Structures are given as C-alpha cells and as structure tokens.
Amino acid sequence: MTELIKEMRGSALWLTIDRPERRNAMNEVVINGLADAIRQADNNKEVRLVVITGAGDKAFCSGADLATGTSFEFDYGTPSLAFANLLRTANSATVPLLARVNGACMAGGMGLLSMCDMAVAADHAIFGLPEVKVGVFPMQVLSVLQHLIPSRTLYEMCLTGEPITIAEAKAIGLVNHVVSKEELDTKVDWLISRLTDKSPTAIRRGRYTMRRIQAMSFEESISFTESQIGLVSMTKDSKEGLLAFREKRSPVWTGS
C-alpha cells in the first residue's frame, strides 16, 4: 500500500498518509488502511502506541479527497460509513494514538487529530472545518471533536468554515505541544519516550476506561472506575510497579 506507509520505529507504529500531491487527502484506501492498522496494533502487545501523520511538511491531512467527485457518495443500504468506522475503531482501541501534525489539518483531518489522545504540531499548521464552503457539514467529526474544544469555538468553526491558527489551537487545547517544523520529530520522540517507559498494562487499561466514561453520568462513571482500579491493581505490572517503588529501583514491565 503506497498511499499509507506503515513502519515500526521501536515500539511505536507510524502510519503516514503518503499523498502529498493531494495534501494527504483521504481516499477509501487510506481510510480502510488506517482502521486496519489500528485494529492490528490494538491486538499486538508489542506496539506501545500509534503515531499518525502525513508526508511532507505542507499538510497533515486535508480531509476527504474531493477531486474524486465521489467523496460523499455511499450505499444507503449500508448502515455505516468507512470514515465513521475508522473513528469507531480508534475510539474502542486500547493502544494510545498520537497525532504528529506536520501542516494543515482540515475537515476530515480534524477527525484524525481528534480521535488521537495527544498531538504535537508544527508552528506553521492551521486547523479548520471548511465543509460548509462546499455545501456539506463536518458531521462525523463532531462525534470526536465536541468534547475536545469549547462549544463556542466549535460552533464558529463549523458554521463559518474559517480556519484557526496554531496559537488558537494551542489555547483551546486542540494540541499538546507546538514546535518548529525542524523540532517536530524531536518533540514527538520526547513524548513517545515519556509514554513507553511506563506500564503498558496501566496505559491500555487506562485508555479503555477514559474512553468508556465519556458518555457516563457521574454515578455511572464512579462505579465503573471503582471496578477498574480493582482490576488494574491485580495485574503483574501493578504488583511490579509497587514492588519496584518500595525497593527504590526501576520497574521491569511485562505488559500483563
């Protein structure tokens, strides 16, 4: 698959949309490839996280490839769409997802960004939901974006279709870190290192919990998290982490 590059770098799976001539716009091959790769990573304990990015330094992802003329055509007898299924896959995964935003992040690209747990962005990146300019609306993206940024900002972005700057994106919590494009990979590697030296079991169980409680009431959430702390404390990683703390040494994680 030449339009989506899959590469293991240490314990991180890098997924790179390789369509720079189309500003890394997504077609069916890319969408299904991302979903399949995340699903496989989620079932592989050797993969500690997934990094999603785009080729070059112009665009992270510009959304659906409108040049095909079929971007919004689908079988009305099919109850789900490929892009929605990608977001479902990302939401249900336990492996952490990191967005490396190397340029413009627009439309469906905002969905890719928002389905990730963390994001590092180059300081020339811009962000937008321009769908209304072509007579549609960022419907599916709303599902992953609505809890991420303030509603007033989301309404303005959706209803006007106008982009926001990297400074605005950082201010509203859309990205974690902003660096120059020359420093982008260094910062990504730094963040990866801060994740991969921790318990893989705790991280996966924790991501699962964080995603599950998003739609719960407080009483539902507190009951669910009560059960989860009980379960995570029974893992080998938990026992090892507490023992290593008492023995004043670095833990040796097994991911179990």
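User: Is R100 buried or exposed in this structure?
Analyst: This is a predicted model. R100 is found in strand β5. Its relative accessibility is 12%. Buried means under 20%, so R100 counts as buried.

User: Which side chain makes a polar contact with the side chain of R100?
Analyst: Set aside neighbours within four places in sequence, and R100 is in contact with residues including W14, F60, L184 and D185. One of these contacts is also polar, at 2.7 Å between side chains. The partner is D185.

User: How many residues apart in sequence are the parts that D185 and R100 tie together?
Analyst: The side chains of D185 and R100 meet in a salt bridge, 2.7 Å from N to O. D185 lies in helix α7 and R100 in strand β5 (residues 97–101), so the pair ties together parts of the chain far from each other in number. The separation is 85 residues.

User: What is the relative accessible area of D185, the salt-bridge partner of R100?
Analyst: R100 is buried, with a relative accessible area of 12%. D185 is partly exposed. The class runs between 20% and 50%. For D185 the value is 34%.

User: Which residue forms a salt bridge with K181?
Analyst: Side chains of opposite charge can pair when their charged atoms come close. For K181, the closest N and O atoms of the pair are 3.4 Å apart. The partner is D57.

User: How many residues apart in sequence are the parts tied together by K181 and D57?
Analyst: K181 forms a salt bridge with D57. K181 lies in the loop between β9 (177–179) and α7 (184–196), and D57 in the loop between β3 (49–54) and β4 (59–61), so the pair links two loops. The parts are 124 residues apart.

User: At what relative accessibility does D57 count as partly exposed?
Analyst: K181 counts as partly exposed at 43% relative accessibility. D57 also counts as partly exposed. Its value is 31%.

User: Which residue meets E7 in a salt bridge?
Analyst: E7 counts as partly exposed at 36% relative accessibility. Its partner in the salt bridge sits 3.3 Å away, N to O. That partner is partly exposed too, at 39%. The residue is R9.

User: How many salt bridges does a search of the whole structure find?
Analyst: Some salt bridges link up in a network, made of E3, R19, R22 and D65. Others include the pair D185 and R100. The search of the whole structure finds 14.

User: Which strand stands opposite V101 through A121?
Analyst: β5 and β7 run parallel. Four bridges join them. V101 stands opposite A121, which lies in β7.

User: Which residue in β9 stands opposite A121?
Analyst: β7 and β9 pair in the parallel sense. Three bridges hold this pairing. Opposite A121 stands V178.

User: How many of the five residues of strand β7 are buried?
Analyst: M118, V120 and A122 point one way from β7. A119 and A121 point the other way, and all are buried. The strand (residues 118–122) is therefore largely enclosed by the rest of the structure. The count is five of the five.

User: How many residues of helix α3 are buried?
Analyst: Helix α3 covers residues 108–115. G108, M110, L112 and M115 are among its buried residues. The helix is largely enclosed by the rest of the structure, because the buried residues number eight of the eight.

Technical notes. Residues numbered from 1 in each chain as written. Predicted model: local features only at pLDDT ≥ 70, side-chain atom pairs only at ≥ 80, totals over all residues. Heavy atoms only, no water. Buried < 20%, exposed > 50% of the residue type's maximum accessible area, 1.4 Å probe, protein only. Salt bridge = Lys/Arg side-chain N within 4 Å of Asp/Glu carboxyl O. Polar contact = N/O pair within 3.5 Å; in protein donor to acceptor, adjacent residues only side chain to side chain. Contact = heavy atoms within 4.5 Å. Pairing = 2+ DSSP bridges.
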